Protein chains: 2
Amino acid sequence: MNTTTQKPLILVTNDDGITAPGIRKLVEFMNEIGDVVVVAPNSPQSGKGHAITINSTLTYEEIILEGPQRDYSLSGTPVDCIKFALNQILPRRPDLVVSGINHGANSSINVLYSGTMSAAVEAGVEGLQAIGFSLLDFTWEADFDQAKESIQKIVRKTLANPLPKGVVLNVNIPKLDKSELKGIRVCRQANAKWEESFDERISPHGNKYYWLTGYFNNMDEGNDADEMALAQGYISVVPVKFDLTAHEYIKDLSQVLNS
Amino acid sequence: MNTTTQKPLILVTNDDGITAPGIRKLVEFMNEIGDVVVVAPNSPQSGKGHAITINSTLTYEEIILEGPQRDYSLSGTPVDCIKFALNQILPRRPDLVVSGINHGANSSINVLYSGTMSAAVEAGVEGLQAIGFSLLDFTWEADFDQAKESIQKIVRKTLANPLPKGVVLNVNIPKLDKSELKGIRVCRQANAKWEESFDERISPHGNKYYWLTGYFNNMDEGNDADEMALAQGYISVVPVKFDLTAHEYIKDLSQVLNS
């Protein structure tokens, strides 16, 4: 564990791939706080959720990138990266796991689909402190520097005040200039979903194929929901747990099923 | 919706693939209750969690299998199957979505990794009634018939007593003879995790590669947890929600981050 004589060990991963600008910025920010080891996918893994690689094999290699950190590129999913880092690469259990900075939002229901957040959740399952960071800007040219101060603040606060067992953080950052950021708001996951459509096309061979598309539908106007915080210019922080039990319904359901 | 003059429309999917014995048995059981449409992956998708296909395309075909149901084989993940079925295949919103019967347990923490359960959760996100079924027997020769009565009972009870919004069911069935089954117990998700190891091998070309392996570690002795119910010979039913917010920690976290 972190002591006054030892810098915290920070594991960094993401789902956009190890060379994405978002993770390189997160590494830069974390290098100012601790000893950083990166274990991240060697290819884009957006939308992979909590997928793991069980029906095929994994390979990895150390790659040399700018900075004092060590970088390992893995052929798997974000959740694979956490498992592999802990088991095969890190010299000891890390003091913190950070995932991101994702190119695009992982607020509300996106926590289910997001490889970025699933990596953080997996770290939580392993009993580690973990935070996923996402910026509401899909582009490769996104400006991550505006969020540097806030990200470092959230990381330092978490190192100094550990999260309770079974909780990790989902941090989303609006696409705003630093001067426009209103602050940090701790929120609940908004009630929202994707309204899908499938774009049907014809292959050169005459066969139909489909692209998943759709639009995001926020059905939640609550001031305490992450979507509202982001719309109002706040960085949203949702404490996320992986006990999915609807505890409040156990008693009623037991009556229904055992009647 | 289901009326006295119309049979319920039941969508069936899984993660072991459309030809797996487990889904064929579930179709057989559901054909006795409603009008069944199957939209399931054309290949094994175990461990795919809540993954969706966004960086490549999907294809599907209708296939002809024994029984009155219609069967559609999709090139995607279990969650893709739900989205595609609702958007492209079903004539109306189904009255129920069932996923499985999975070959192997999806109790406790496995709910995160399981494609079977992620399909049920996705149906819940769409506002539908949904249940995932799993049998604690990995083999292709597993005996699913022992669970027929219990599965049909849970389905009929759910159709008659709809689950609250935002809740789906995770049903796990012990590998026992029907006469040994103790009944149904509604439970919480046990506190358990996988202890990973990676089996390192050398390819014919001299390169290292790894298989993810490990063993399951149940750290929960609670009588109200799903692992204990299964160990005692009960069918476990966990009401699962997809609002992952740790509501109980919002206030404390807000004080930490805004101090």
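User: What makes the nine strands of chain B an open sheet, and in which order do they lie?
Analyst: In this predicted model, the order is β3-β4-β2-β1-β5-β6-β7-β11-β8 (chain B), with mixed pairing. Strands are DSSP runs of E of at least two residues, numbered from the N terminus, and two of them pair if DSSP finds at least two bridges between them. The edge strands β3 (60-63) and β8 (183-186) of chain B each pair on one side only. From one strand to the next, the twist averages 20°.

User: How do you know that β2 and β4 of chain B pair, and in which sense?
Analyst: Strand β2 (residues 35-41) and strand β4 (residues 70-74) of chain B share five bridges in the parallel sense, and at least two are required. One of the bridge partners in β4(B) is B:L74, opposite B:P41.

User: Why is the relation of chain A to chain B called that of a two-fold axis?
Analyst: A turn of 180° with a shift of 0.0 Å along the axis lays chain A on chain B at an RMSD of 0.0 Å, so the relation is that of a two-fold axis. The superposition is by least squares on C-alpha atoms of residues with pLDDT of at least 70 in both copies.

User: What makes the surface one that serves both copies?
Analyst: Of the contact residues of chain A, 100% recur in chain B. Contact requires C-beta atoms, placed from the backbone, within 7 Å; 62 residues of chain A meet this with 62 of chain B.

Residues are numbered from 1 along each chain as its sequence is written, and chains are lettered from A and ligands numbered from 1 in the order in which they are written. Local features need pLDDT of at least 70, side-chain atom pairs count only at pLDDT 80 or more, and totals for chains, interfaces and linings use all residues.

Key: Two residues are in contact if their C-beta atoms, placed from the backbone, lie within 7 Å. Helices (H or I, at least four residues) and strands (E, at least two) are DSSP runs, numbered from the N terminus. Axes are lines fitted to C-alpha atoms, for helices over the stretch in contact, and angles run from 0 to 180 degrees between N-to-C directions.
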